[in-house]
Amino acid sequence: MGFLTKLFSGKSEGNTKSEEIKTTNSQPNTIYAPFKGTVIPLEQINDGVFSSGVLGQGIGMYPEEETVYAPFDGKITQVIDTKHAIGILSNDNIELLIHVGMDTVAMKGKGFKLFVSEGDTVSCGQKLMTFSKSEIAAAGYPDTTAIIITNFDDFNKVSTLIEGPVEKGTAVLITE
């Protein structure tokens, strides 16, 4: 994931032990909600880098849970040193950035725990990371999570399937 490598420098860090949770029947070109929460349009993320679409197309989510699960079958391509963001490549070549919280890079990993490492193969629904909503709030940051397709220009269309409250594993984005 070249774009993410340029955006976030650093080596992968994490626990190589992966934990399989409930696996969703992953469909091609589909991105599933990585946790229970509320889907918002990208433009409503209170961070210009994400809301402007400069990093890619996608959605924001307000998390109700503190665990992030794989949104499709794929491979972990980037794990940010500060543990707040993960890059994942789907088996059908969707490059996805899951960025938990806004400005949470400043937390330097506090409140985040990884369950995957760069290079790991993951299944849809597999546990990727946990985070502490209370620690993010105590640090003064919103826990809004950006779910961004960084290689959106490789597709004819990226569509948001649903806005509002969703359960983990609900289809939220599709590429064509």
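A salt bridge here is a side-chain nitrogen of Lys or Arg within 4 Å of a carboxyl oxygen of Asp or Glu. The views below all come from a predicted model.

**View 1. K36, E64 and E167 are linked in a network of salt bridges.** E64 pairs with K36, and their closest N and O atoms are 3.9 Å apart. This bridge links distant parts of the chain. E64 sits in the loop between β3 and β4 (67–69), K36 in the loop between β1 and β2, 28 residues apart. E167 also forms a salt bridge with K36, with the closest N and O atoms 3.9 Å apart. E167 belongs to the loop between β13 (164–166) and β14, and 131 residues separate it from K36. E64 counts as partly exposed because its relative accessible area is 47%. K36 is partly exposed as well, at 28%. E167 is partly exposed at 47% relative accessibility.

**View 2. K133 and D143 form a salt bridge.** The closest N and O atoms are 2.7 Å apart. K133 lies in helix α3 and D143 in the loop between α3 and β11, so the bridge ties together parts ten residues apart in sequence. K133 is partly exposed, at 24% relative accessibility. D143 has a relative accessible area of 17% and is therefore buried. By the rule used here, the structure has three salt bridges.

**View 3. I136 is packed into helix α3 surroundings that include D143.** I136 lies in helix α3 (residues 133–138). Its relative accessibility is 1%, so I136 counts as buried. Leaving out residues up to four places away in sequence, I136 touches V100, T104, M107, F112, F131, Y141, P142 and D143. G111 is 25 residues from I136 in sequence, yet their C-alpha atoms are 7.2 Å apart.

**View 4. F35 and F131 form an aromatic pair.** The structure holds one such pair. Its geometry is edge-to-face, with 6.5 Å centre to centre and 65° between the planes. F35 lies in the loop between β1 (30–32) and β2 (37–41), and F131 in strand β10, so the pair ties together parts 96 residues apart in sequence. F35 is buried, at 0% relative accessibility. F131 is buried too, at 3%.

**View 5. L128 is one of the residues with the most contacts inside the largest nonpolar core.** This core has 33 residues, and I31 shares that standing with L128. Elements giving two or more residues to the core include β3 (57–63), β5 (74–79), β6 (85–90) and β10 (127–131). Beyond four places in sequence, the contacts of L128 include V68, Y69, I76, I86, I98 and F115. Another core, of eleven residues, lies apart from the largest; among its members are I40, M102, A146 and I148.

**View 6. Two lysines sit over aromatic rings.** K127 lies over the face of F115, 4.4 Å from the ring centre. The charged end of K168 sits over the ring of Y69, 4.6 Å from its centre.

**View 7. T175 is buried in strand β14.** Its relative accessibility is 3%. Outside its neighbours within four places in sequence, T175 contacts N29, I94, I149, F155, K157 and V158.

**View 8. The whole chain has three helices and 14 strands.** Of its 176 residues, 51% are buried. The chain exposes about 7,900 Å², and carbon and sulfur atoms supply 46% of that area. Among contacts with a separation of 6 or more, 73% join residues 24 or more positions apart.

Terms used: Residues numbered from 1 in each chain as written. Predicted model: local features only at pLDDT ≥ 70, side-chain atom pairs only at ≥ 80, totals over all residues. Heavy atoms only, no water. Core = buried A, V, L, I, M, F, W, Y, C linked by side-chain atoms within 4.5 Å. Buried < 20%, exposed > 50% of the residue type's maximum accessible area, 1.4 Å probe, protein only. Helix = DSSP H or I, 4+ residues; strand = E, 2+ residues; numbered from the N terminus. Contact = heavy atoms within 4.5 Å. Areas by Shrake-Rupley, 256 points an atom, 1.4 Å probe, with all protein chains shown as cover. Phe/Tyr/Trp six-rings, centres within 6.5 Å; stacked < 30°, edge-to-face > 60°. Lys NZ or Arg CZ within 6 Å of the ring centre and 35° of its normal.
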